[in-house]
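Okay, thanks for coming, everyone. Let me put the structure up and walk you through a few spots in it.

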Amino acid sequence: MSEEAEIESDIGKIYRILSLRKCPLSQRVSLYTRGIIPGKEIRLRQISPLGDPLIVEINQQTFAINRDMWSCFDLEECRS
Amino acid sequence: MSSKEIRVGIIGNPNVGKTYLFNRLTACESCVGNWSGVTQTACKAKSKQGGHYEVLDFPGCHAIREYKPDIAHQDSVHDLEQQIDNNQIDVWLNVIDIEHLEKQLYLTVQLLEAKQRVIVVLNRIDRLPAISKNIDIQQLGKFLNTPIVKVSAKLGLGIRALQSTIEDHLNVEQQKHDHYPVQYHASIERLLTKTETQLGHQATRFSAWSALIASDYSEKPPAWHFEPAIAERMHPQHLMTDEMTLTRFEIIQRWMHHVVTKKAATRQHADKHWDHWFLHKWLGLPLFFSMMLLVFWISMGVGQLLQGVVEPLLRMLVIDVPGLLCRDFAVPQVMALLITQGIGLSIMTALSFFPILYVMFLALHTLEESGYMTRAAVVMDRLMRWCHLPGESLVALVLGLGCNVPGILATRHIPNHNDKVVTALMMPFMSCGARLTIFAVFSSVFFPQHAAVVLFILYVLGISIAVFTGILARYTGLVQATNAETYLLELPAYQWPSLTVGLRQAYQRSQRFVMNAFAIILPVCCILALCNHIDIQGNFLQIPGDQSIIASIGKGLGVLFAPIGLTAEHWPLIVSLLMGLLAKEVVISTLSIFYMQMTDPLQQTVGTLATLWQSNLAEALENAQRWYAYFLPFIQTETPNWALYFNQQHISPQAVMGYLIFTLLYFPCVSTLYATARQVGWRWAGFSVLWSTLVAYLCAFTYQMVVQIPLPLYDALWLISLGGLCYAVATGLKWFIRSKKAESAPPQVAP
């Protein structure tokens, strides 16, 4: 499956963040301080026009993150 | 209390309502909005009640000392950290949005660890019923061991209670809060205590934490890293930053179980619904452009309608009536000239922009306050990334089409400094409203059949040069490209904009702009009026003309402007370009002074008060009756009488087109220059001036060459030459910058 199709198939799914180890430290700190920490549930809500950034929902808050950052997350699927 | 100035600092995450609170506590009207980064620099003002303490509003931050290298508004963050390190703030008001309590308590914990005196302000309590949450404030107060006050800064609820809490807190003898709300693992606690001792008696838990996490950024791990107790506790791939940050969140989450008792996702559902359309894969872009078009259509339509009604009345008040009084009371000519064409004309020119600016700022505030502006940045992000710019840049550039100054000011949304610089360099090429007026007047006189086409060409040319500048800046390495990895944007919740706040904010912003413009226009109009009536020998000229000082200057500069089609006989146009350096709004008023006096020098002094009142009122009423004309999709600019003078002087359309191209692209006005310098520094502002003037001259010159050799082959050759010239400039600049960087790079050490 292509990367595009893979991300599209993730829309609406709810994942649990296992770790953010793959993110560089400065990025990890930004994520932590915004409440994006391991154990939280994350939902890919939609893809913005032109394919990037992605709109995600964490802690009842909406964030726009780019695909590189999304691929840094270690995720485990919880439910759809 | 000591006699020194007492300082109360407002701190909190971005977009939690800090500035609303600041405005409530002081008599200020600082700018507010529903997006992160409205406040860029710390603002301070005396408190409302007796003013015995000073309130400081700091830009929003998620945490103190994030160690993020490309963090936006770095200076203000540094300033905030200094205030904490040096204990310069007597009480911190830590503003927290009740909707997202958990993540915001992280900053509170940091403040308490830094032994700061903190009052937690839970904002937006009016939202509590809507979000179906119940917050046990007493319980939270016990965990944090600090006072907690509930307010709604926007609606003004709980402000009195907050003020009395501040007073009480200040009256209590200064005692440092030694309560650390978070207990780390025993091994980490021992390490923190040891570090605190090493740092000296002024050290806090926070300074010890800062010292420990600083080691995460060094290449060599510190000695404590190998201590068995710590190594056992920490995850193999975790650093001290991860360990301590996650412990803090673990404790905060535990508190949340006791403090927040009810949850519902009502708001999220509504936001989701709106986002579905505004961020839609196919509809997102058309909706964005429609929204921007709507803003301009409304602001130009309503603004011009108001302008059409207000301007004749204003002219009567500030030019005609003073002119009549001067005539009747036999005021000396020089004085009369200064009163009518100096002061009067400058007031009219400056104030005539007020309606358009007011409506535009109101429309933009509505978009910002509703939460759409951040979505607009998301929608445009990918498109702008092709120019290595974030989506926020496009929002700023679109605003620049109204006026470059708000456009430049809107670059504060852009998180990365380099992106901000490129956007600021592109901005002068976006045709602002003042330039639109110049184009509309000239195109309606010289190209009556193709006025819209001429305008369109000028707009497209401006945008193309802006894009070219952006690409050139990146291609040559003049401004380094941003690392796209760091894109993380918090989308604010949608909300209904408050009309009263919007009206007030739009008034503040447009008033500030008009006052700044007036400060420039007034001396310009006075000097021009005088120079236009005095000859080189110092004699006063009854009828201004070719003998005046200003005409001599304009004619002298004709040599410089000859390659772009303007010769000595076009001196009024040359002088208007010079005056346009101060403000583009002055260009038309300069021309009106010259040509109006040439066509009818006695125009200002005829008639009586009654006839003037009748004619101006009739004009205002006529404009009001033609209200629909302002909303039509084509330009309804009326040609002023003085503009007809051009044809009598046989100014060729080619010369006018060269003039328009130069006006479109040359030096941004001083207000834009000042705004650019404030946002990105004087060095870049200076570069912007040089670059835009060079490009303007080259483009106008090329146009003249192309039209003077009307053979398609030569046209093509000139266009190719221009392309080649651009490429040569780009390559030369790239080579120059690389060689400079290579020179300044540290020498390589051989292994």
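So, let's start at V321(B), which sits in helix α12 of chain B, the helix covering residues 284-328. Keep in mind that this is a predicted model. Is V321(B) buried, exposed or partly exposed? It comes out partly exposed, because 17 other C-beta atoms lie within 10 Å, and you need 20 or more to be called buried. What does V321(B) touch, if we ignore the neighbours within four places in sequence? That would be M316(B) and L609(B). Right by that second name in the numbering is T608(B), and its C-alpha atom is 8.9 Å from that of V321(B), although the two positions lie 287 residues apart along the chain.

Okay, zooming out to chain B as a whole. We have 31 helices and seven strands here. Of its 751 residues, 44% count as buried. And if you take the contacts in chain B with a separation of 6 or more, 73% of them are between residues 24 or more positions apart.

On to domains. Chain B splits into domain 1 (6-171), domain 2 (186-259) and domain 3, which is made of two pieces, 288-483 and 499-708. The centres of domain 2 and domain 3 of chain B, taken over C-alpha atoms, are 58 Å apart.

Now a helix pair, for those of you who like packing. Helix α18 of chain B (residues 417-426) and helix α20 of chain B (residues 451-475) have axes that come within 8 Å and cross at roughly 145°. The crossing of α18(B) past α20(B) is right-handed. Who's making the contact? From α18(B) it's V422(B), L425(B) and M426(B), and from α20(B) it's A466(B), T469(B), G470(B), A473(B) and R474(B). Sorted by type, that contact gives five nonpolar residues, two polar and one charged.

Last stop, where the chains meet. Chain B puts in 41 residues and chain A puts in 32. On the chain B side, the elements giving two or more residues are α3 (101-113), α10 (240-259), α11 (266-278), α12, α15 (372-385) and β7 (488-491). So our starting helix, α12, is back on that list. That side of chain B divides into 18 nonpolar, nine polar and 14 charged residues.

One more thing there: strand β4 of chain A (residues 61-65) runs antiparallel to β7(B), with four bridges joining them. If you want a spot to click on, T62(A) stands opposite L491(B) in β7(B).

Okay, that's me done.

Methods
Residues are numbered from 1 along each chain as its sequence is written. Chains are lettered from A and ligands numbered from 1 in the order in which they are written. This is a predicted model: local features need pLDDT of at least 70, side-chain atom pairs count only at pLDDT 80 or more; totals for chains, interfaces and linings use all residues. A residue is buried if 20 or more other C-beta atoms lie within 10 Å of its own, exposed if 12 or fewer, and partly exposed in between; C-beta atoms are placed from the backbone. Two residues are in contact if their C-beta atoms, placed from the backbone, lie within 7 Å. Ala, Val, Leu, Ile, Met, Phe, Trp, Tyr, Cys and Pro count as nonpolar, Asp, Glu, Lys and Arg as charged, and the others, Gly among them, as polar. Two strands pair if DSSP finds at least two bridges between them. Domain bounds come from an automatic or database domain assignment. Axes are lines fitted to C-alpha atoms, for helices over the stretch in contact, and angles run from 0 to 180 degrees between N-to-C directions. A crossing is left-handed if the near helix is turned anticlockwise from the far one by less than a right angle, and right-handed if clockwise.
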